[in-house]
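Student: I would like to take a close look at one part of this model with you. Could you walk me through it slowly?

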Amino acid sequence: MELITKAPKGTVDIVPGVSEKWQAMEAVFQSEAELNGFREIRTPVFEHTELFLRSVGDTTDVVEKQMYTFEDKGGRSVTLRPEGTAGAVRAMLENGLYNAGYPVKLYYTTSCYRYEKPQAGRLRELHQFGVEMFGAAEPAADAQVIAMALSAFRRLGLEDVGLQLNSIGCPQCRKEYHKALKEYFTARKDQLCETCLSRLERNPMRILDCKSPVCSEIAKGAPKITDYLCEDCRAHFKQVQGYLTELGVEYELDPGLVRGLDYYTRTVFEFPSKSLGFALGGGGRYDGLVEEMGGKPTPGLGFGLGLDRILMALEAQKAEFPEPTRCEVYIASMGEAALKKALALTDALHKCGVPADCDLCARGLKAQMKYADKICARYTMVLGDNELQAGKADLKHMKTGQTKKISIGEGFVDDYLTASTAQEDLSF
Ligand code: HAM
């Protein structure tokens, strides 16, 4: 039988050596979210397809072209989540999280699935860190959400990230805007792609983020939403900018930024990487979404950050990551009785939080020492009949070669801790 050794197109394995970078990156985002009062939510990887049609919108690229949708064995249509917001809204409503008081603040670290053409920075299984906040209509909430993402980027040492900001108004101001867009695009109808033609009637704003070169060129000259904002939306947007300035956040206004998902209202934003040429994340307000999904009218907002892309950006600038946990002590053994002892001593070290290991592959002593070297163990010990009889063994510092005899009986852990502390003092 042929070996199956290739992952599906557009997916990647996160292997040891890289997974530690992910852990470090996720820890920063999670701690930043928790500093801001957000708490973790985990939702299913698949949901009823209807959920995404209603929230993301049936004229979006995500719904029209990219969803992994299938019928389960019970004949229900389900979809692998293409993004995290819809599931978070559903779970907030289903679990009555609003009962704990507004604002409800949630964060998640998840994989998402989009059937896109794989290329640098574009995967079919992508990973996002996201936050969602419910019940806060105030522009200060927009500022807090944006500032916390930037603060996490700063903590990661990410240099190449900007902030583009826009307001796409509310359904009220959008009525006039849609009219203007329809007029503009109808006059250029014969140049639009087929998808955009179908969007012209149903949702002309979606033409603005069409990826086809011709449509996007035409979209450049289209009317701008910012010229159609109602007074309330205009005032809200001004206040968001005021708060951001207060927080020392620099931004660039981009009246062409509309985002690719239908649920947005008012503030929208993206974090572009200038050198990589794509967005590391994006988000905005969705004040109508909770109601659209059957809840009481509740404002909402949040962001999704593309972790795969953020890691690319960090690696491109050669950012430093914390060292992976390293084996402190490798206890080599000769013979069954010694292995039993090595296993027990390793276990005793683990209980005190010391990373330790012993031979699990029935290797000879030489091969065990080679392995200890490979995993960069700081110390080694060798247990054989002599050591078992004496109740003592040499703790060897691999770099300096210095050894210290320590008990392998009752006082083992204490002896180890004293000897290793003394060793470290000597060598540094
Ligand atoms: P989004 O802009 O579709 O927003 O995705 C957020 C981020 O996910 C993007 O900026 C990008 O970094 C990353 N991303 C998207 N697609 C891919 C892909 N195919 N490969 C690699 N990375 C990708 C949302 O998903 C919204 N749910 C964000 C949000 C939360 N808005 C409010 N709350």
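Student: Which elements do the buried residues of α11 pack against?

Tutor: Happy to go through it. Keep in mind that this is a predicted model. The buried residues of α11 pack against α1 (19-35), β5 (104-113), β6 (125-134), α5 (139-156), β10 (278-285) and β11 (300-306). The helix is mostly covered, with seven of its ten residues buried. These are Leu307, Asp308, Arg309, Ile310, Leu311, Ala313 and Leu314.

Two of the packing partners, α5 and β10, are also linked by a salt bridge. The side chains of Asp142 and Arg285 meet there, at 2.7 Å from N to O. Asp142 belongs to helix α5 and Arg285 to strand β10, so this pair ties together parts that are 143 residues apart in sequence. Both ends are out of reach of the probe by the usual cut-off of under 20%: Asp142 is buried because its relative accessible area is 2%, and Arg285 counts as buried at 0%.

Now follow the chain past the helix. After α11 comes Lys318, whose phi is positive, near 55 degrees. Further on, Cys327 sits in the loop between α11 (307-316) and β12 (329-333). Cys327 is buried, at 12% relative accessible area. Setting aside neighbours within four places in sequence, Cys327 is in contact with Pro355, Ala356, Asp357, Ile375, Cys376, Ala377 and Arg378. Thr380 is 53 residues from Cys327 in sequence, while their C-alpha atoms are 9.8 Å apart in space.

The domain assignment puts this stretch in context: domain 1 covers 3-170 + 230-316, and domain 2 covers 329-419. The C-alpha centres of the two domains lie 48 Å apart.

The ligand is worth a look as well. There are 27 residues around the ligand, and Glu83, Glu116, Leu123, Glu132 and Tyr264 come nearest. A backbone N or O atom of Leu123 is 2.8 Å from a ligand nitrogen. An N or O atom in the side chain of Gln128 lies 3.1 Å from an oxygen atom of the ligand. On β10, which spans 278-285, a polar backbone atom of Gly281 is 3.3 Å from a ligand oxygen.

Tyr264 also leads us to Arg174, a residue of helix α6 (residues 171-186). Leaving out neighbours within four places in sequence, Arg174 is in contact with Ile168, Gly169, Met205, Ile225, Tyr264 and Thr265. Arg174 is buried but has no salt bridge, and the nearest side chain of opposite charge, Asp262, is 6.8 Å away.

Elsewhere, charges do pair up: the whole structure holds 26 salt bridges. One of them joins Glu292 and Arg54, with the closest N and O atoms 3.4 Å apart. Glu292 lies in helix α10 (residues 289-292) and Arg54 in helix α2 (residues 49-55), so the pair ties together parts that are 238 residues apart in sequence. Glu292 counts as partly exposed at 41% relative accessibility, and Arg54 counts as partly exposed at 40%.

Another salt bridge brings together the side chains of Asp61 and Lys211, at 3.8 Å from N to O. Asp61 is in helix α3 (residues 61-66) and Lys211 in the loop between α7 (194-202) and α8 (213-220), so parts 150 residues apart in sequence are tied together. Asp61 is buried at 12% relative accessible area, whereas Lys211 is exposed at 59%.

Notes
Residues numbered from 1 in each chain as written. Predicted model: local features only at pLDDT ≥ 70, side-chain atom pairs only at ≥ 80, totals over all residues. Heavy atoms only, no water. Helix = DSSP H or I, 4+ residues; strand = E, 2+ residues; numbered from the N terminus. Buried < 20%, exposed > 50% of the residue type's maximum accessible area, 1.4 Å probe, protein only. Lys, Arg positive; Asp, Glu negative; His and termini not counted. Salt bridge = Lys/Arg side-chain N within 4 Å of Asp/Glu carboxyl O. Contact = heavy atoms within 4.5 Å. Domains from an automatic or database assignment. Near = heavy atom within 4 Å. Polar contact = N/O pair within 3.5 Å; in protein donor to acceptor, adjacent residues only side chain to side chain.
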